[in-house]
Amino acid sequence: GETVCGKGVSEGVVEGALFFDFGEIAPGAAETVDVVIACFENGTAEATARRFEALMEGFDADAALEETSSFWADWSGRSVLPGGRRGETEELVRRLLAVIKACTWDNGGMPCDQGELTDFYFRDSLRPALALALFGHMGEAEGVLLALQALAVKYGYNNCNDYEPWVAEAVAAGVGETAQFVESEAFSVDDPALVVFTICRIWEVGGNDEWLRRMWPFLKYSAGLGLRDMAPIGAVAQNSGFQDDMINWAFPRGQDPYGSAPGLACSYWNMMWARALELAAKAAAHIGRGGAAGEWTKAAAGIRETIETRFWNEKLGRYAYFHDPRESERYFVDTAFTAVKDGQGGQFVFPEPVLANGATLLHWCGYTSGERARRCYTLVKERLLPLPEELVVGGPFESTMCDTSYRYHGADQSISYARLLYAACEEGDLETAGAVAQWLARHTPLAGVPEVLPTGTRAVQLWPCGEVLIALHRYLAGGAR
């Protein structure tokens with residue numbers, strides 16, 4: 001096989017099967033694991049086969065199995081599960097953590113999609129990294145961000161990166177205070193916000209000041225991208241580069257008159273920016289960067305003011321989904337998932353996760369707005385409940401981005417209900433939280449949350465694995481964030 005992503009090519013794939021007994025981690029569970037061994041050097045399938053043959057020479061399968069079982073039992077045993085309400089959620093937590101760990105590379109990166117094993121996605125790696133940190137695996141979590149920093153120095157904000165051995169050496173050497181990152185616009189408006197947010201949350205969880213100082217160049221650079229792209233209305237807007245964000249998702253593929261337009265501002269991703277800059281200001285002040293702390297505090301306050309004064313519609317009881325500067329119009333999502341201009345007639349149909357993932361994002365990132373947040377939560381709760389009978393994976397791939405069956409397509413459905421769980425915890429709705437947590441525990445595949453690829457293949461996606469884990473941690477932790 002051959003895959004091409006970003007700047008590199010990986011050729012030569014040998015497929016095989018290994019059989020593992022996971023009994024020590026999840027009693028009674030046994031699985032067949034499909035293993036893909038990829039050659040990261042340009043070459044041929046024959047060269048990869050020879051490399052694999054050399055690896056297997058003198059290989060003691062029984063000893064390797066014993067060593068592997070011991071490793072996973074020890075690693076899983078170091079997971080820290082909060083609270084006493086574990087029940088049937090514990091097995092899922094331990095299994096999803098193992099799935100994420102199994103995908104990490106020795107240089108700190110992780111392929112976030114089993115269908116694209118050589119692709120280390122910027123955005124998709126961030127939620128799994130935070131999940132690892134929350135459950136006590138700080139080394140792996142910190143390593144993901146250190147690897148992203150090293151790659152960003154050389155390539156800027158690249159959508160995805162291949163495995164490159166030099167990254168480990170760059171991480172060990174560190175990035176200097178005056179490091180120059182490659183300027184780029186080939187990223188979604190939410191990517192740097194998520195980087196800033198994740199760096200600061202991992203630091204909050206682990207309290208590793210030395211790591212935070214190592215991450216300072218990347219933190220400062222990423223926060224600066226948001227300030228660079230600030231629109232006249234006082235919110236961070238889309239740049240002119242690659243877009244794969246919640247505005248783009250709001251329209252059927254090929255029928256998007258807005259998602260790729262520079263200057264478009266989305267309220268929900270600006271909530272993420274507000275929280276990211278608030279957390280960044282706290283982190284900056286802690287390590288003596290008072291100037292940056294003051295600048296970011298001021299920027300976050302301005303974004304909040306714009307969100308609450310320019311995006312809120314009292315009549316509809318929700319935030320505008322996005323603001324189009326070309327028409328000076330605000331677009332909302334109504335209960336029929338139709339885009340409306342300030343409540344005056346429908347124009348575009350939105351898929352359910354645009355509302356479910358958007359209107360709960362303010363809870364997900366800790367953006368608090370009191371009664372307004374509760375009204376958004378109520379809207380989402382009414383739409384997503386009652387819980388479906390099962391998590392369904394399948395269906396035409398193209399439909400997953402353009403109609404209301406979107407939430408019934410595996411990874412996206414899991415994310416919707418994981419964020420509903422998180423929002424229920426934030427709003428103190430313990431009855432709903434308990435029901436959704438148990439639903440996720442019963443219906444999320446123990447081998448990881450799948451996504452249907454364009455080829456029709458089911459492949460585990462690490463992003464939704466991270467989302468489910470973060471929501472379950474919030475549930476297990478009770479009142480603690």
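Visitor: What makes the meeting of the Glu-183 and Arg-228 side chains a salt bridge?

Guide: Their N to O distance is 3.5 Å, and a salt bridge needs a side-chain nitrogen of Lys or Arg within 4 Å of a carboxyl oxygen of Asp or Glu, so this pair makes the cut. Glu-183 sits in the loop between H6 and H7 and Arg-228 in helix H8 (residues 209–228), so the bridge ties together parts 45 residues apart in sequence. A helix here is a DSSP run of H or I with at least four residues, numbered from the N terminus.

By the way, this is a predicted model: local features need pLDDT of at least 70, side-chain atom pairs count only at pLDDT 80 or more, and totals for chains, interfaces and linings use all residues. Residues are numbered from 1 along each chain as its sequence is written, and side-chain values use heavy atoms, leaving out hydrogens and water.

Visitor: Why are Glu-183 and Arg-228 labelled exposed or partly exposed?

Guide: Buried means under 20% relative accessible area, exposed over 50%, and partly exposed in between (1.4 Å probe, protein chains only). Glu-183 has 56%, so it counts as exposed. Arg-228 has 35%, so that one is partly exposed.

Visitor: How do you know that Arg-289 and Glu-177 form a salt bridge?

Guide: Their N to O distance is 2.2 Å. The two are 112 residues apart: Arg-289 is in the loop between helix H9 (267–286) and helix H10 (290–311), while Glu-177 is in the loop between helix H6 (166–173) and helix H7 (190–206). Arg-289 has 21% relative accessibility, so it's partly exposed. Glu-177 is partly exposed too, at 43%.

Visitor: Which side chain meets Lys-101 in a salt bridge?

Guide: That's Glu-140, at 3.2 Å, N to O. This pair links helix H3 (residues 89–102), home of Lys-101, with helix H5 (residues 138–155), home of Glu-140, 39 residues apart. Both Lys-101 and Glu-140 are buried. Across the whole structure, a search finds 20 salt bridges.

Visitor: How do you know that the length of helix H16 agrees with what is expected?

Guide: The expected span is 1.5 Å times one less than the number of residues. H16 (residues 462–476) has 15 residues, so it should span 21 Å, and its end C-alpha atoms are indeed 21 Å apart.

Visitor: And why is H16 called largely enclosed?

Guide: 15 of its 15 residues are buried, so the rest of the structure largely encloses H16. Just after this helix, Gly-478 takes a positive phi of about 70 degrees.
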